[in-house]
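Hi,

Here is the model I said I'd pass on. Have a look at it first, then read my notes underneath.

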Amino acid sequence: MKVIIVKDQNAGGKAGYEVFANAIEEGATVFGLATGGTPETTYQEIVKSDLDFSKCTSINLDEYVGLSATDPQSYHHYMQEHLFENKPFKKSYLPDGQATDENAELKAYDQTIQDNPIDLQLLGIGTNGHIGFNEPGSDFKGQTHKVKLTDSTIAANARYFEDETQVPHYAYSMGIGSIMQAKKILLEAYGENKAEAIAATVQGPVSEECPASILQTHPDVTLIIDEAAAKLLKNK
Ligand SMILES: O=P(O)(O)OC[C@H]1O[C@](O)(CO)[C@@H](O)[C@@H]1O
């Protein structure tokens, strides 16, 4: 695991952009993308750049169950607003939060991931160490599945909704098994509220209690974290 400690999220966005630019340089064409507050500055730097994704494919980690692609709170909408509007891909995949046949949707998403092996997977991390919506206890070999969100995740994401009662309680998430198949993984984390999860991810035991700890077994992981998120790391 390569750990890059930056001053703040803006510096992190610049470093994150560099990882994307290098990946394209090295021939990457399939990008696993994340949502939430963390990747916003990396997307801002990409949007400002001349990087061209028109021949590339994107596959997002997750989507809330029950939200339409046009719902302002959906991850479809988030991606459109933060990236795709300005940097369109040849093809962009997110789970369909309104799928009528749930099992068919989950199977189809797994097939999409198999058909488009991910070159660079971008991740954020939850305060409880979740990646995508894979909450503590998720199977390390898991494929795309429906997740019941924990109370802490619902509370953490409530900031994007009118109030907490509007936060969906389920999501479709790429499984940890699929995430680990990516050739290269970039995890970003900013803020003191991620310090415990980062310490467990980097220096804790590999345990399903901290889903991100599995990244210790992946051959090519880069962490971009700010000083606050790095606070509990020993001998940094
Ligand atoms: O970047 P944020 O907003 O702190 O979210 C952290 C993580 O939580 C999620 O938004 C899921 O709740 C993930 O997609 C994200 O990586």
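**What I found: strands first**

Let's start in the parallel sheet: Lys2 stands opposite Thr222 in E10. Before going further, this is a predicted model, so local features need pLDDT of at least 70 and side-chain atom pairs count only at pLDDT 80 or more, while totals for chains, interfaces and linings use all residues. Residues are numbered from 1 along each chain as its sequence is written, and side-chain values use heavy atoms, with hydrogens and water left out.

Lys2 and Thr222 belong to a pairing of E1 with E10, parallel and running over five bridges. Helices (H or I, at least four residues) and strands (E, at least two) are DSSP runs numbered from the N terminus, and two strands pair if DSSP finds at least two bridges between them. E10 also pairs with E9, again in the parallel sense over five bridges, and there Leu187 stands opposite Leu223 in E10.

The sheet they sit in is open and has seven strands, in the order E1-E10-E9-E6-E2-E3-E5, with parallel pairing. E1 and strand E5 (91-93) are the edges; each has a single partner strand, so one side of each is left without a neighbour in the sheet. From one strand to the next the twist averages 15° (axes are lines fitted to C-alpha atoms, for helices over the stretch in contact, and angles run from 0 to 180 degrees between N-to-C directions). Elsewhere in this order, strand E2 (residues 30-33) and E6 pair in the parallel sense over two bridges, with Gly32 opposite Gln121 in E6.

How many residues of E10 are buried? Six of the six are, so E10 is largely enclosed by the rest of the structure. (Buried means under 20% relative accessible area, exposed over 50%, and partly exposed in between, with a 1.4 Å probe and protein chains only.) Val221, Leu223 and Ile225 point one way from E10, while Thr222, Ile224 and Asp226 point the other way.

**The other sheet**

There is also an open sheet of three strands, ordered E4-E8-E7, and its pairing is antiparallel. Strand E4 (62-64) and strand E7 (145-148) are at the edges, each with a single partner strand, so one side of each lacks a neighbour in the sheet. Here the twist averages 30° from one strand to the next. E7 and strand E8 (residues 170-173) pair over four bridges in the antiparallel sense, and Lys146 stands opposite Tyr172 in E8.

**Salt bridges**

With a salt bridge taken as a side-chain nitrogen of Lys or Arg within 4 Å of a carboxyl oxygen of Asp or Glu, the count comes to seven. These caught my eye:

- Asp119 and Lys183 meet at 2.9 Å, N to O. Asp119 lies in the loop between helix H4 (102-115) and strand E6 (120-123), and Lys183 in the loop between helix H6 (176-180) and strand E9 (184-189), so the pair ties together parts 64 residues apart in sequence. Asp119 counts as buried, at 14% relative accessibility.
- Lys184 bridges to Asp220, with the closest N and O atoms 3.4 Å apart. Lys184 is in strand E9 and Asp220 in the loop between helix H7 (195-203) and strand E10 (221-226), so parts 36 residues apart in sequence are tied together. Asp220 is partly exposed at 27% relative accessibility.
- Glu192 bridges to Lys231, the closest N and O atoms being 2.6 Å apart. Glu192 lies in the loop between E9 and H7 and Lys231 in the segment after E10, so this pair ties together parts 39 residues apart in sequence. Lys231 is partly exposed, at 47% relative accessibility.
- Lys14, Glu45 and Lys48 are linked in a network of salt bridges.

**Annotation and a loop residue**

The unreviewed UniProt entry carries the annotation "domain: Glucosamine/galactosamine-6-phosphate isomerase" over residues 21-218; such annotations may be inferred rather than shown by experiment. Over residues 21-218 the chain is 30% helix and 16% strand, with the end C-alpha atoms 21 Å apart.

Finally, Gly204 sits in the loop between H7 and E10 and is buried at 17% relative accessibility. The C-alpha atoms of Gly204 and Ala229 are 15 Å apart, with the two positions 25 residues apart along the chain.

Cheers
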